[in-house]
Protein chains: 2
Amino acid sequence: MSLELLSSNKTFGGWHKQYQHVSATLKCAMRFAIYLPPATADGAKVPVLYWLSGLTCTDENFMQKAGAFRAAAELGIAIVAPDTSPRGEGVADDPDGAYDLGLGAGFYVNATQAPWAEHYQMYDYVLQELPELIEQHFPVSSQRSVSGHSMGGHGALVLALNNPERFSSVSAFSPIANPVNCPWGQKAFKAYLGEDRDTWRAYDATELMGQGGSTPALVDQGEGDNFLTEQLKPEALKAAADKSGYPLTLRLQPGYDHSYYFIASFIDDHLRFHAQHLHLHSA
Amino acid sequence: MSLELLSSNKTFGGWHKQYQHVSATLKCAMRFAIYLPPATADGAKVPVLYWLSGLTCTDENFMQKAGAFRAAAELGIAIVAPDTSPRGEGVADDPDGAYDLGLGAGFYVNATQAPWAEHYQMYDYVLQELPELIEQHFPVSSQRSVSGHSMGGHGALVLALNNPERFSSVSAFSPIANPVNCPWGQKAFKAYLGEDRDTWRAYDATELMGQGGSTPALVDQGEGDNFLTEQLKPEALKAAADKSGYPLTLRLQPGYDHSYYFIASFIDDHLRFHAQHLHLHSA
């Protein structure tokens with residue numbers, strides 16, 4: 001697996017870099033970004049936080065807007081941000097160009113339906129191929145945590161809940177917490193997974209959290225978020241956690257909306273949360 | 001002077017807001033953004049840092065990418081980011097669509113030449129009209145500092161050096177420090193101010209700093225900046241300051257480039273620098 005360096009910027013004593021590689025899982029060229037904290041300059045292997053972005057995003061939204069590098073540099077955590085869907089010629093897109101299906105809207109599932117199944121295998125890409133690539137090419141340990149926003153918050157929760165051995169902790173901002181019961185999730189799952197709703201449940205954080213688990217989870221949700229009631233449904237996630245005794249911390253933040261202005265306000269808390277669990281596990 | 005609110009986001013306990021107003025100076029509608037720190041919610045009047053952006057930017061680049069709100073919230077400083085040129089129908093632009101002349105490239109001067117003079121009066125707009133508007137409509141004091149990046153670093157230095165009674169301190173990232181001696185500056189000044197180079201000197205930070213002054217100035221410059229040698233020329237500014245005894249702190253930062261990844265890395269230092277001088281003056 002070879003990597004092509006696309007850009008490189010020094011920031012907070014470390015390096016932000018964008019790479020392209022050909023993904024065997026997705027059968028297309030994919031871009032991702034990585035932040036390498038200053039500790040890696042001394043040869044140290046650092047843990048990795050995977051960040052999954054929301055609808056319409058690429059690797060750039062988080063890296064440019066979240067303000068995460070100061071804390072990542074201090075704590076000694078690398079951050080990896082993949083794209084939100086396969087891309088390129090021959091990759092299916094919504095014929096109407098909808099923002100919530102197709103390009104930029106992979107929903108971190110393995111699609112089973114035509115025309116999506118050929119390339120839309122974001123679950124396996126983020127779970128398997130990307131970490132293998134990262135751990136082969138960069139000075140990182142195999143300690144991983146995962147976080148994300150909106151569609152990416154859904155992805156982070158689902159990946160961590162299904163794979164407790166792979167992630168030390170999980171967090172999310174404004175996640176689509178119960179996609180089987182909201183318009184965004186139903187539209188995407190019907191297209192990617194088909195009409196049989198039983199196949200949807202493995203990708204629903206509320207369903208999974210209701211089954212229990214022990215991976216520490218932190219969720220921040222703005223109370224001024226326009227998508228809160230119809231699409232996000234954190235109260236369903238909380239009820240499932242309460243029922244199963246899952247260690248979920250849900251924080252409702254008065255006045256905050258769905259934007260990166262919200263994420264930036266609390267990203268330091270999330271990095272400290274992950275650092276605590278990453279360092280405990282690697283000690 | 002009336003203001004139209006365009007957007008509003010809670011961030012770091014305060015508010016980022018975008019407004020539009022009709023500028024009498026520029027004879028067009030102008031957008032700006034303001035960050036109001038949490039202290040203003042209690043009715044406190046806070047000082048203001050004006051941020052002037054670089055070529056091609058609007059108010060959004062700094063507000064989305066600089067990561068300045070955490071420190072601004074802690075220190076109790078409002079930040080105001082104007083656009084980088086007049087905009088809209090009837091506003092002259094470069095006929096070839098160049099990025100370094102016309103729209104997005106006002107260079108913070110008062111143009112005297114056709115077709116620019118009609119709208120391109122950014123110096124007066126930023127010096128007079130905008131602060132009047134801000135101090136009329138928001139809970140801020142008349143304590144002001146100014147900072148900026150690249151073309152905006154030039155603007156910040158020139159405004160502060162020409163108007164020591166208006167600004168408590170000035171800082172810049174990667175400023176165009178000697179525009180009369182670099183391609184960007186010569187192209188813009190020739191267009192906006194005409195062939196007589198004597199008229200350029202009031203807009204050249206190196207020329208002005210060589211005349212002395214006492215407004216504290218902090219400049220950060222990345223040594224990995226592609227524009228360093230041909231366009232920015234911080235060494236000329238430093239030589240002028242050394243000659244006149246001007247209180248300039250110039251920091252060369254190894255490895256950093258011209259991007260917001262560089263600005264974000266050191267913006268906290270700039271906010272603390274301004275806070276120190278703003279609070280001294282208001283005490």
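These legends go with several close-up views of a predicted model.

**View 1. Where chain A meets chain B.** Let us start at the interface, where 23 residues of chain A are in contact with 23 residues of chain B. Together the two chains bury about 1,800 Å², and 49% of that area is on carbon and sulfur atoms. Look for K10(A), Q64(A) and Y261(A): they supply 37% of the area that chain A buries against chain B, more than any other three residues.

**View 2. The elements on chain A's side of the interface.** Five elements each give two or more residues to the side of chain A that touches chain B: the strands β1 (4-11) and β2 (14-23), and the helices α1 (60-65), α2 (69-75) and α9 (260-282). The largest share, 5 residues, comes from α9(A). Sorted by class, this side of chain A has 9 nonpolar, 9 polar and 5 charged residues.

**View 3. Polar contacts across the interface.** Here you can follow 14 residue pairs in polar contact between chain A and chain B, both partners having pLDDT 80 or more. Salt bridges are a simpler story, as the rule finds 0 of them across this interface.

**View 4. Two copies and the rotation that relates them.** Chain A superposes on chain B after a rotation of 180° with 0.0 Å of shift along its axis, at an RMSD of 0.0 Å. The two copies are therefore related as by a two-fold rotation axis. The same surface serves both copies, since 100% of the contact residues of chain A recur in chain B.

**View 5. S171(A) and its surroundings.** This serine lies in strand β7 (residues 170-173) of chain A. S171(A) is buried, with a relative accessible area of 0%. Its side chain is joined to that of S147(A) by a polar contact of 2.8 Å. Beyond its neighbours within four places in sequence, S171(A) is in contact with several residues, including V146(A), G148(A), L218(A), H270(A) and H274(A).

**View 6. Backbone details to look out for.** Most residues other than glycine have a negative phi, and most peptide bonds are trans. A cis peptide bond joins A114(A) and P115(A), with omega about 0°, and P115(A) sits in the loop between β5 (78-82) and α3 (122-137) of chain A. In chain B, a cis peptide bond likewise joins A114(B) and P115(B). S150(A), which is not a glycine, has a positive phi of about 60°; this residue is found in the loop between β6 (140-149) and α4 (151-162) of chain A. S150(A) is also buried, with a relative accessible area of 4%. F12(B) has a positive phi too, of about 50°, and lies in the loop between β1 (4-11) and β2 (14-23) of chain B.

Technical notes. Residues are numbered from 1 along each chain as its sequence is written. Chains are lettered from A and ligands numbered from 1 in the order in which they are written. This is a predicted model: local features need pLDDT of at least 70, side-chain atom pairs count only at pLDDT 80 or more; totals for chains, interfaces and linings use all residues. Side-chain values use heavy atoms; hydrogens and water are left out. Contact means heavy atoms within 4.5 Å. Buried area is the accessible area (1.4 Å probe) that two parts lose on being put together, summed over both. A salt bridge is a side-chain nitrogen of Lys or Arg within 4 Å of a carboxyl oxygen of Asp or Glu. A polar contact is a pair of N or O atoms within 3.5 Å; within protein, one must be able to donate a hydrogen and the other to accept it, and residues adjacent in sequence count only if both atoms are side-chain atoms. Helices (H or I, at least four residues) and strands (E, at least two) are DSSP runs, numbered from the N terminus. Ala, Val, Leu, Ile, Met, Phe, Trp, Tyr, Cys and Pro count as nonpolar, Asp, Glu, Lys and Arg as charged, and the others, Gly among them, as polar. Copies are superposed by least squares on the C-alpha atoms of residues with pLDDT of at least 70 in both. Buried means under 20% relative accessible area, exposed over 50%, partly exposed in between (1.4 Å probe, protein chains only).
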